[in-house]
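Visitor: I'd like to learn how to read a helix and its packing in a model like this one. Could you walk me through it?

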Amino acid sequence: MAVVSPAVYAELLAAGQTQTVLGAVALGIAAQIDGAGGLGVAPLAKELRATMNAALGVADSPNPGLVDPLDE
């Protein structure tokens, strides 16, 4: 069952990144994760995170998705 690909597509679409090279790479990795069946997902997930961060212009963070209150 495809779970990751639709979520990745929705994020890329919201950011206007579906037709970029990084967006295409992220979608390809997401499709591999969906088809992996649990085997070898960790390295793919790590690569997907890095690719999505690059596509969306987000700096790598040890706590992705968390906002540091000092930055606000």
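Visitor: Which residues of α2 are buried?

Guide: First, keep in mind that this is a predicted model. In α2, the buried set is made up of Gly23, Ala26, Ile29, Ala30, Ile33 and Asp34.

Visitor: How should I read that spacing?

Guide: Start with the general idea: an α-helix has 3.6 residues a turn, so residues three or four places apart point the same way. Now the case here: looking down the axis of α2, the buried residues fall within an arc of 145°, so they line one face of the helix. On the face turned away from that buried side you'll find the exposed residues Val21 and Gly35.

Visitor: What do the buried residues of α2 pack against?

Guide: Two helices: α1 (4–14) and α3 (41–56). Ile33 is a nice one to click on. Not counting residues up to four places away in sequence, Ile33 touches Val4, Val41, Leu44, Ala45 and Leu48.

Visitor: Which residues make up the largest nonpolar core?

Guide: The general idea is that in soluble globular proteins, nonpolar side chains tend to be buried together. Here the largest such core has nine residues: Val8, Leu12, Ala26, Ile29, Ala30, Ile33, Leu48, Met52 and Ala55. Each of α1, α2 and α3 supplies at least two of them, and α2 gives the most, with four.

Visitor: What about a polar residue? Is Ser5 buried or exposed?

Guide: Buried. The cut-off is under 20% relative accessible area, so Ser5, at 17%, counts as buried. Ser5 sits in helix α1, and leaving aside neighbours within four places in sequence, its contacts are Leu27, Ala30, Ala31 and Asp34.

Visitor: Which backbone atom does the side chain of Ser5 reach?

Guide: The backbone nitrogen of Ala31, at 3.3 Å. For a sense of the fold, try Ser5 and Ala26 too: they are 21 residues apart in sequence, with 8.8 Å between their C-alpha atoms.

Visitor: Back to α2 itself. How far does it reach from its first C-alpha to its last?

Guide: Its 16 residues, 21–36, reach 23 Å, close to the 22 Å expected at 1.5 Å a residue. Just after α2, Gly37 takes a positive phi of about 65°.

Visitor: And where is confidence lowest and highest among the helices?

Guide: Lowest in α3, at a mean of 93, and highest in α1, at 95. For the protein, the mean pLDDT is 85, and 81% of its residues reach 70 or more.

Methods: Residues are numbered from 1 along each chain as its sequence is written. This is a predicted model: local features need pLDDT of at least 70, side-chain atom pairs count only at pLDDT 80 or more; totals for chains, interfaces and linings use all residues. Side-chain values use heavy atoms; hydrogens and water are left out. The expected span of a helix is 1.5 Å times one less than its number of residues. Buried means under 20% relative accessible area, exposed over 50%, partly exposed in between (1.4 Å probe, protein chains only). The arc is that of the directions from the helix axis to the C-beta atoms. Contact means heavy atoms within 4.5 Å. A nonpolar core is a set of buried Ala, Val, Leu, Ile, Met, Phe, Trp, Tyr and Cys residues joined through side-chain atoms within 4.5 Å. pLDDT is the predictor's confidence in each residue, from 0 to 100. A polar contact is a pair of N or O atoms within 3.5 Å; within protein, one must be able to donate a hydrogen and the other to accept it, and residues adjacent in sequence count only if both atoms are side-chain atoms.
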